[in-house]
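The exercises below are to be worked with the sequence and the structure open side by side. Each task is followed by a solution in steps.

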Amino acid sequence: MNLTRKKIVFSITLILLAIVMAMALSVNGTAEQVFLLNFASSEKNDNLTNRQVYLGGQPIGVEIKPNGLLIEGVLPVVTADGVKTPLKEFDIKKGDLLKNINGIQVSSEEDIANILDNAKDGNIELCVMRNGNPFICNTKAVKDSISGNYKLGLSVSDATDGIGTLTFVDMKDGRFGALGHPISELHGKDGTNKVSGFICDANVFSVYKGEKNQAGELVGNLVKDVKLGVIDTNETQGIFGEYTGDTSGLKKINIASHKNVKPGKAQIVSSAFTGKPTYYDIEIIKACRQEKDKPKGILYRVTDERLIKLCGGIVQGMSGSPIIQKGKLVGAVTHVFLADSTKGYGTYIDWMIDK
């Protein structure tokens, strides 16, 4: 009786052990996959946190060109037969992108003039893009009675420029990030983020202070002889490209993931008013949880009386000013509230790095 019981117990023990081992093998296989995923994610965050960049904060001049010509408007043309508007019947709007005429790419007003001169009063086909979608306009050029040249009555520009702020230069590959938001006049016009242009030094000689319902502005000019970099990308989180300026005078700083950003004390960096990187106190009111590329991640308020006295808080031209918390670069200034120029939004550095 006791021997039989021992055999039964031993058999049950073996069966249970086999079941446990099988379960363990199954669980270990699942756990390994989950662990690898978590490890990869954790490793990325660690690399981001431990990476260093050169800190920006200085105003920069920006000149950027689209892959085509920006349309400013449709105009009438004075001809020998009266005033005519060849493109009046088409839904062409300011901000549309003129890609080509008669299949020939255009990048200047001279290109348009040469094509029209060769076509004379023949048929003209324009390829225009809006938000990445092309549409065709077929028309005829008319002869301007004053200049004698053939025209379409189209006002265009081949570039846009202004003043912004450099956010960082990546020590890993020498690429820079600036503005923290796209140059909206060009963003996505031809369905890509690729552009051409440059950043250069800028002189800021005055400032319009921000007031209720009116954004302030840095007033200055572009020093185009002092090139600092080549722009190749214009996307949702700013402009990016190869930095060609001198980095020897720039401070090195660690960057931190958005997961480390908390409500509380922080600073923004700007050299617009002092000529050197100056830290101004802000309070991060809200740090939104974001797991993918989105704008307006950081809601902040300027608390530094020096900056409020200088410009009312945040003004146009300060887009891209680095946001620092606990000694690390965590984001960049992107927006200001029209109702209160001491408040605004910033984007996380996560979405600007490696662009």
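In this predicted model, residues 24 or more positions apart account for 69% of the contacts in the protein chain with a separation of 6 or more. The chain has 3 helices and 24 strands. Of its 355 residues, 43% count as buried. Its accessible surface comes to about 18800 Å², and 53% of that belongs to carbon and sulfur atoms.

**Exercise 1. The barrel**

Task: State which strands close into a barrel, and in what order.

Solution.
- Step 1. Following the pairing around the barrel gives the order E19-E20-E21-E24-E23-E22, with 6 strands in antiparallel pairing.
- Step 2. Neighbouring strands of this sheet are turned by 45° against each other on average, direction ignored.
- Step 3. Take the pair E21 and E24 as an example: residues 298-302 and residues 343-348 are joined in the antiparallel sense over 4 bridges.
- Step 4. Within this pair, Leu299 has Tyr345 in E24 as its bridge partner.

**Exercise 2. The nonpolar cores**

Task: Find the largest nonpolar core and the elements that each supply at least two residues of it.

Solution.
- Step 1. The largest nonpolar core has 23 residues, and those with the most contacts inside it are Ile268, Ile282, Leu307, Ile314, Met318 and Ile323.
- Step 2. At least two residues each come from strands E19 (264-270), E20 (278-287), E21 and E23 (328-336), and from helix H3 (305-311).
- Step 3. E20 gives the largest share, 4 residues.
- Step 4. Another core, of 19 residues, lies apart from this one; among its members are Ile92, Ile112, Cys137 and Ala141.
- Step 5. Return to Leu307: leaving out residues up to four places away in sequence, its contacts are Ile268, Phe273, Tyr280, Val302, Gly312, Gly313, Ile314 and Met318.

**Exercise 3. From E13 through E14 to E17**

Task: Trace the pairing of E14 with E13 and with E17, and name the partners of Phe176.

Solution.
- Step 1. E13 (residues 160-170) pairs with E14 (residues 175-178) in the antiparallel sense over 3 bridges.
- Step 2. Here Phe176 of E14 stands opposite Val169.
- Step 3. The hairpin of E13 and E14 has 4 residues between the strands, and Gly174 in this hairpin takes a positive phi near 75°.
- Step 4. E14 also pairs with E17 (residues 238-243), antiparallel and over 4 bridges.
- Step 5. In E17, Gly241 is the bridge partner of Phe176.

**Exercise 4. Ile60**

Task: Is Ile60 buried or exposed, and which residues is it in contact with beyond four places in sequence?

Solution.
- Step 1. Ile60 belongs to strand E2 (residues 59-65).
- Step 2. Its relative accessibility is 0%, so Ile60 counts as buried, the cut-off being under 20%.
- Step 3. Its contacts outside the local stretch are Gly162, Ile163, Gly164, Thr165, Leu166, Ala178, Ile199, Cys200, Ala202 and Leu228.
- Step 4. Gly162 is 102 residues away from Ile60 in sequence, with 8.5 Å between their C-alpha atoms.

**Exercise 5. Asp96**

Task: Locate Asp96 and decide whether this residue is buried or exposed.

Solution.
- Step 1. Asp96 sits in the loop between strand E5 (82-84) and strand E6 (97-101).
- Step 2. Asp96 counts as buried because its relative accessibility is 3%.
- Step 3. Its side chain reaches the backbone nitrogen of Lys93 at 2.8 Å.
- Step 4. Not counting residues up to four places away in sequence, Asp96 touches Leu69, Leu70, Ile71, Asp91, Val128, Met129, Arg130 and Phe135.

How values were computed: Residues numbered from 1 in each chain as written. Predicted model: local features only at pLDDT ≥ 70, side-chain atom pairs only at ≥ 80, totals over all residues. Heavy atoms only, no water. Pairing = 2+ DSSP bridges. Axes fitted to C-alpha atoms, helices over the stretch in contact; angles between N-to-C directions. Buried < 20%, exposed > 50% of the residue type's maximum accessible area, 1.4 Å probe, protein only. Contact = heavy atoms within 4.5 Å. Areas by Shrake-Rupley, 256 points an atom, 1.4 Å probe, with all protein chains shown as cover. Core = buried A, V, L, I, M, F, W, Y, C linked by side-chain atoms within 4.5 Å. Polar contact = N/O pair within 3.5 Å; in protein donor to acceptor, adjacent residues only side chain to side chain.
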